[in-house]
Amino acid sequence: MEDNMMKTVKEIVKRERQKRRRRVGIMIVLIALCAAAIFFGTKAYHNYKEEEFFKSVKEKEIKVTPKSITHKQTDIFTQSYQKETDDQLKALKKGKNYTFNKPLIVWNAYGTYTTSLYYYAKNDRASYAVCTVEANEAGASPYKRTLKSVSGKKYVTTHEYQIKGFVPGAKNKITMQFFNEDGRAVGKTHFYVTAPKDDVIPAILKKNTGTSKAKMSDGLFCLFGHDKADVSNIYLYDNNGVSRGRMPLNKYRTDRFLFIKGQLVYSYDYNKIAFTNCIGKVTRTIDIGNYQFHHDFRYDKKHDKIICLVNNLDKDTIEDTIVQVDIKTGKTSMLFDCEKILPLMRKLAIQRKGGRNTYGGTELDWIHINSFDFLDDGNSLVLSSREQSSILKIKNIYTKPELDYVIHRGTIYNGTDIAKYQLKREGDFVANAGQHMITVEYDDSLPEGQYYLYMFNNNYGKATSIPTFDWSMYPNVGNFKSGTSYYSKFLVDEKTRTYKLAQQFSLPYSAIVSSVQHLGGNIPFSSGMSKTFGEYDKDGKLIKSFEYEADKYSYRVMKYEF
């Protein structure tokens, strides 16, 4: 009987345990269901609120009053000038809450772009900014850009920018749009400012529309070296030929812009280089020492160096020296001297009548290198010699520079050891004479060893240091006042040691200076002595051109997407 009672007790205990387990299980399920309901309910509510927020983001007009920075220092490229700006911006921000609806706006805060605004605002939603500058009454084309942050990050909560491209003396509309990682707008505003009038900027005297229906490439035309070197400004124009302000320099012109590790880099004096960040602040300068810039410089990314055409002030010749500027250390050193590569041509050259070069000095301008570009082997470049109407490839530039080939139509190398380096010309076409802006272009469809060289072929026939130059090899070559210039594109084949014409079309004539480039499928150009710049399509049909005010010319006009 006791055994039966124990058995019964055990069964009762077992059933009670099972009931408790079921109750606990049910409670766990209920708790989980409640937690899920709370979670999904909260998420749904959050999503609802988010959708309500995004729906509420409408473009709003805001009122702004741009501030100004005052300076005791006058040289914008000095640390003291930049510090004056930093200190005043810090004071303007102190204790203030600047938002999309109430941003801090300052005219040309760091002095590097006359018609620019410094923009500062904060928002707790990380986003990137898209800015559009319009001045419809001035006939300007819309200038739209995704702005870059100081941190280099795309999505930020602190928005600090330099807004470029305002039309001087006009009412400008600035539209700011901010987008999150999902591409949804978290803020939209627009405001109006009237940029200061600027009578220094050269006027556009005439606008020409060509036969091409192609769309102009994106960007701003940048006019370098207006009326020779000592007019120290870079002038910017849009696709309608409307001025978009200027960038001041100290003395000597700059010849191009470089984009290095998020910085805009350019020369601002005879021997000085400036680095500016995305808010226009000068972050660094480099002095290249006892050299002076002329004509061109480029960035060699592989070696992290700026290669520059310079005059060596210790020499009795000019425009024949190439130096390298190490970005990391800031040190400048000789890359090579053309006199050591072409010693015979230097020896045969004579000074022009009167004993002075075209700049008024007594130094001999025997080769007049005016542009260059790198080849993809990382150790070679091509040079354009105006004086010799030649294109020269120099190899082993970082180890033992030596001549690799020459493209030249004439006879100046006949009877010299240079003649064996000349590439064979295939076909009959207008030869390069006094050319500028030599540029290398690779094409994946070409076999190994082939590439294109394109240039502004001035087609100008004069070489004052080479009186025996036989110009009969250049039919219809131009003189200083009249002729026909060309966009010329050659196909070079290093394996067969040949070159031939790939494309050529006429350009407004300029005996000297001038430029061409490839951008957005089009061909922006400038003809210095015609005082003209503009753009052709890929087939050589004019889209638009603009004639500008000048006593002499501009050295070069290039187009950039800032």
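1. A good place to start in this predicted model is an aromatic cluster: Phe77, Phe224, Phe257, Phe259, Tyr266, Tyr268, Tyr560 and Phe562 come together in one group. Across the structure there are 37 aromatic pairs.

2. One pair worth a look is Phe505 with Tyr536. Their ring centres lie 5.1 Å apart and the planes meet at 45 degrees, so this pair is tilted. Phe505 belongs to strand E28 (residues 498–507) and Tyr536 to strand E31 (residues 532–536); with these positions 31 residues apart, the pair links distant parts of the chain. Phe505 and Tyr536 are both buried.

3. Next, please turn to two charges that sit over rings. Lys171 lies over the face of Tyr192, 4.6 Å from the ring centre. Arg425 places its charged end over the ring of Phe429, at 4.1 Å from the centre.

4. On the surface, Ile26, Leu30 and Leu33 make a nonpolar patch of about 310 Å². Of these residues, Ile26 can be found in helix H1 (residues 2–56).

5. Finally, the backbone. Most residues other than glycine have a negative phi. Glu319, however, has a positive phi, near 60 degrees, and is in the loop between strand E17 (305–312) and strand E18 (321–326). Is Glu319 buried or exposed? Glu319 is buried, at a relative accessible area of 2%.

6. Arg497 is not a glycine either, yet its phi is positive at about 55 degrees. You will find Arg497 in the loop that runs between strand E27 (485–493) and E28. With 28% relative accessibility, Arg497 counts as partly exposed.

Terms used: Residues numbered from 1 in each chain as written. Predicted model: local features only at pLDDT ≥ 70, side-chain atom pairs only at ≥ 80, totals over all residues. Heavy atoms only, no water. Phe/Tyr/Trp six-rings, centres within 6.5 Å; stacked < 30°, edge-to-face > 60°. Helix = DSSP H or I, 4+ residues; strand = E, 2+ residues; numbered from the N terminus. Buried < 20%, exposed > 50% of the residue type's maximum accessible area, 1.4 Å probe, protein only. Lys NZ or Arg CZ within 6 Å of the ring centre and 35° of its normal. Patch = residues over 30% accessible without salt bridge, like charges linked within 9 Å, V, L, I, M, F, W, Y side chains within 5 Å. Areas by Shrake-Rupley, 256 points an atom, 1.4 Å probe, with all protein chains shown as cover. Salt bridge = Lys/Arg side-chain N within 4 Å of Asp/Glu carboxyl O.
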